[in-house]
Amino acid sequence: MNPDPRTSSAETFDTAHTLAVRGIELGVEHFGDVSAPLVLLAGGPTMLSWPDSLCAALARGGRHVVRYDLRDAGASTTLDPTAPQYTLRDLAADAAVLARTLDDRPAHLAGIGVGGMVAQVAALDHPDAFTALTLAGTRPVAPGPVDDDLPDHDATAMQPLFARPMPDWADRTAVAAFAARGAGILGDDPAAAREIAGRIWDRTPGTTPAVHMANQMGTVFAALDCAPRWRERLPSLTLPSLVVHGRRDPFFPVGNGQALARDIPGARLLVLESAGTAIPDAAADAVAAAMLEL
């Protein structure tokens, strides 16, 4: 591993560090050549929502890939995950300023899960900061009641998912096992989820249960002010756009991705037939190829 992000090798990446943005610190990690066009990956909420294999594939394709943690997640500034003092539009502004800090050219912005909601608002509020948009495993409305044309969470999966007893958030093994059980319910790889949960736990800057829970589950996002609605603005987007969605996703069923692709003019929809909520390593090359075409 090369600690210098300014390497010419597309296979190397640096350890996570932080950058000052809008008065806070955001945890970031670089892949590839810093002089190449930037692809900025917004975490959902942590950067590890984006698989290493996808980041490496994009770097091999000649991109400078940076994945980052949202506020109150990972290595980014953490204050009070139970009562965040910022809005969805603040997170969107973070993405735009981070992109400009990393490169003097507009970036390809991508968001996964709740990070996909951040990316939608960032592209709408700061179009000059971005050249392309990728949205993975997300939907065009905030947490809460969905529009009539959007499928809600699959109740047969949600019941066992939310019936699981909470782990001891200070116990790494218990947290990893909790994530593995959830992955099985959501159609993801339990072994991969266990490994990622352990890495997230290791990167969590605080030891309080609320901080660990926010890092693992993205609970901080549900407490944000997500008003006003942004779905009605999506038809105004002019960025080349890609929507990626797992066919087997029970949390945001695939109809949400299909609706996003309809709402954004000219958007391409890439359905991962065997995927659930996560992008599996087996699909990384296909997703990277589609992103590189934008």
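Colleague: Which residue in β7 stands opposite Leu 135?

Modeller: This is a predicted model, in which local features need pLDDT of at least 70, side-chain atom pairs count only at pLDDT 80 or more, and totals for chains, interfaces and linings use all residues. Residues are numbered from 1 along each chain as its sequence is written, while side-chain values use heavy atoms and leave out hydrogens and water. Strand β6 (residues 130–136) runs parallel to strand β7 (residues 241–246), and four bridges join them; here strands are DSSP runs (E, at least two residues) numbered from the N terminus. Opposite Leu 135, in β7, stands Val 243.

Colleague: Which strands are the edge strands of the sheet?

Modeller: Eight strands form an open sheet with mixed pairing, in the order β1-β2-β4-β3-β5-β6-β7-β8, where two strands pair if DSSP finds at least two bridges between them. Those that pair on one side only are β1 (17–21) and β8 (268–272).

Colleague: Which residues have the most contacts inside the largest nonpolar core?

Modeller: The largest nonpolar core has 49 residues, such a core being buried (under 20% relative accessible area, 1.4 Å probe, protein chains only) Ala, Val, Leu, Ile, Met, Phe, Trp, Tyr and Cys residues joined through side-chain atoms within 4.5 Å. Phe 221 touches (heavy atoms within 4.5 Å) Leu 88, Leu 91, Val 114, Met 117, Val 118, Pro 143 and Cys 226, not counting residues up to four places away in sequence. A second, separate core of 25 residues includes Leu 41, Leu 270, Ile 279 and Ala 288. Inside the largest core, the residues with the most contacts are Tyr 68, Phe 130 and Phe 221.

Terms used
Buried < 20%, exposed > 50% of the residue type's maximum accessible area, 1.4 Å probe, protein only.
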